[in-house]
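Hi,

Here is the structure I said I'd send over. Have a look at it first, and my notes follow underneath.

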Amino acid sequence: MSTTTKDLLIGKIEGLSIVDQQKVLEFINSLETSTTAEPKRKSLLGRFADLGVSISKEEIDQARRESWSNFPREIS
């Protein structure tokens with residue numbers, strides 16, 4: 001019969017002292033809380049949606065043209 005990870009863990013834990021078993025339990029509890037405590041991240045689009053800002057493709061293109069108009073600059 002093949003040994004599963006669960007079986008290996010149970011065997012290891014059973015070989016520990018009560019104090020060490022308690023430490024393992026505390027560690028497992030900390031793993032559970034650390035993975036569930038992370039807030040869900042919003043996309044930038046969703047994060048700023050309530051501001052009511054609407055930028056058109058033309059406005060973005062114009063800003064790019066202005067930003068890159070002096071590139072490359074001549075170094076004297």
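**What I found**

Let me start with H4: this helix is hardly covered, with a buried count of 0 among its 12 residues. From first C-alpha to last, H4 reaches 17 Å, which is close to the 16 Å expected at 1.5 Å a residue.

Bear in mind that this is a predicted model. The average pLDDT for the protein is 83, and 86% of the residues score at least 70. Confidence peaks in helix H1 (residues 5–14), with a mean of 93, and is lowest in H3, where the mean is 73. As a general caution, predicted coordinates should not be read in detail where pLDDT is low.

On the overall layout, you'll see 4 helices and 0 strands, so to speak a plain α-α-α-α when read along the sequence. The lack of cover isn't limited to H4 either: 0% of the protein's 76 residues count as buried. The protein exposes about 7900 Å², and 59% of that comes from carbon and sulfur atoms.

Then there's the surface. Which residues form a nonpolar patch there? They are Leu44, Phe48, Leu51, Val53, Ile55 and Ile60, and together they have about 630 Å² of accessible area.

One of them, Val53, sits in the loop between helix H3 (44–47) and helix H4 (57–68). Is Val53 buried or exposed? Its relative accessibility is 62%, and the cut-off for exposed is over 50%, so Val53 counts as exposed.

Have a look when you get a moment.

Cheers

Conventions: Residues are numbered from 1 along each chain as its sequence is written. This is a predicted model: local features need pLDDT of at least 70, side-chain atom pairs count only at pLDDT 80 or more; totals for chains, interfaces and linings use all residues. Side-chain values use heavy atoms; hydrogens and water are left out. Patches are made of residues with over 30% relative accessible area and no salt bridge: like charges are joined within 9 Å, nonpolar side chains (Val, Leu, Ile, Met, Phe, Trp, Tyr) within 5 Å. Accessible areas come from the Shrake-Rupley method with a 1.4 Å probe; for residues, only the protein chains shown count as cover. A salt bridge is a side-chain nitrogen of Lys or Arg within 4 Å of a carboxyl oxygen of Asp or Glu. Helices (H or I, at least four residues) and strands (E, at least two) are DSSP runs, numbered from the N terminus. Buried means under 20% relative accessible area, exposed over 50%, partly exposed in between (1.4 Å probe, protein chains only). pLDDT is the predictor's confidence in each residue, from 0 to 100. The expected span of a helix is 1.5 Å times one less than its number of residues.
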